[in-house]
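Here are some exercises to work through with the sequence and the model side by side. Try each task yourself before reading its solution.

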Amino acid sequence: MSIKPLADRVLVKPAAAEEKTSGGIIIPDSAKEKPLKGEVMAVGHGTKDEAMVLKAGDEVLYGKYAGTEIELDGEKYLIMRQSDVLAII
């Protein structure tokens with residue numbers, strides 16, 4: 001991974017949005033819900049006040065508006081603070 005988050009930030013790869021409903025209806029891109037879970041790809045070192053609890057490989061849930069979207073090598077990622085992560089799955 002060529003990105004190394006700083007301080008208490010984590011790099012998360014969002015899970016893919018669902019393409020179809022349970023009835024087989026295809027959902028267009030404009031109507032897809034933003035996924036609220038993903039996999040931690042890299043973590044920072046933490047701060048003197050907050051140790052890093054997350055590690056690479058953790059599957060996490062995060063808030064709807066958490067993080068900043070970036071694109072690297074054609075893949076979309078989110079960079080967010082560890083405190084924006086709601087739970088480890």
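**Exercise 1. Find the residues that Pro5 touches beyond four places in sequence, then describe its surroundings.**

Solution. Step 1: list the contacts, meaning heavy atoms within 4.5 Å. Leaving aside residues up to four places away in sequence, Pro5 touches Val10, Leu11, Ala42, Val43 and Gly44.

Step 2: place the residue. Pro5 belongs to the segment before S1; helices (H or I, at least four residues) and strands (E, at least two) are DSSP runs, numbered from the N terminus.

Step 3: check its cover. Pro5 is buried, at a relative accessible area of 6%. Here buried means under 20% relative accessible area, exposed over 50% and partly exposed in between, with a 1.4 Å probe and protein chains only.

Step 4: look along the chain. Pro5 and Met41 are 36 residues apart along the chain, and 9.9 Å separates their C-alpha atoms.

A word on the source: this is a predicted model, in which local features need pLDDT of at least 70 and side-chain atom pairs count only at pLDDT 80 or more, while totals for chains, interfaces and linings use all residues. Residues are numbered from 1 along each chain as its sequence is written, and side-chain values use heavy atoms, with hydrogens and water left out.

**Exercise 2. Summarise the secondary structure and contacts of the chain.**

Solution. Step 1: count the elements. The chain has zero helices and six strands, in the order β-β-β-β-β-β from the N terminus.

Step 2: turn to burial. Among the 89 residues, 26% count as buried.

Step 3: consider sequence separation. Of the contacts with a separation of 6 or more, 62% come from residues 24 or more positions apart.

**Exercise 3. Which residues make up the largest nonpolar core, and which elements give two or more residues to it?**

Solution. Step 1: apply the criterion. A nonpolar core is a set of buried Ala, Val, Leu, Ile, Met, Phe, Trp, Tyr and Cys residues joined through side-chain atoms within 4.5 Å.

Step 2: name the members. The largest such core has eleven residues: Val10, Val12, Val40, Val43, Leu54, Val60, Tyr62, Ala66, Leu78, Met80 and Val85. Two or more of these come from each of S1, strand S2 (37-43), strand S3 (59-62) and S5.

Step 3: relate this to a broader tendency. In soluble globular proteins, nonpolar side chains tend to be buried together.

Step 4: follow one member. Val40 touches Leu11, Val12, Lys55, Ala56, Gly57, Asp58 and Val60, not counting residues up to four places away in sequence.

**Exercise 4. Describe the two faces of S3 and the strands that pair with S3.**

Solution. Step 1: sort the residues by face. Val60 and Tyr62 form the covered face of S3, whereas Glu59 and Leu61 form the uncovered one. In a regular strand the side chains alternate between the two faces of the sheet.

Step 2: find the neighbours. Strands pair if DSSP finds at least two bridges between them. S2 and S3 run antiparallel with three bridges, and S3 and S6 also run antiparallel, with three bridges.

Step 3: pick out partners. Glu39 has Glu59 in S3 as its bridge partner, and Val60 stands opposite Ile88 in S6.

**Exercise 5. How many salt bridges does the structure hold, and what does the pair of Arg81 and Asp8 tie together?**

Solution. Step 1: count them. There are four salt bridges, each a side-chain nitrogen of Lys or Arg within 4 Å of a carboxyl oxygen of Asp or Glu.

Step 2: examine the pair. The side chains of Arg81 and Asp8 meet at 2.7 Å, N to O. Arg81 lies in strand S5 and Asp8 in the segment before S1, so this salt bridge ties together parts 73 residues apart in sequence.

Step 3: compare the cover. Arg81 is partly exposed at 36%, whereas Asp8 is buried at 6%.

**Exercise 6. Describe S4 and its hairpin with S5.**

Solution. Step 1: assess the cover. Strand S4 (residues 68-72) has five residues, and zero of them are buried.

Step 2: follow the pairing. S4 and strand S5 (residues 75-81) pair in the antiparallel sense over five bridges, with Leu72 opposite Glu75 in S5.

Step 3: inspect the turn. Two residues lie between the strands of this hairpin, and Asp73 takes a positive phi near 55°.
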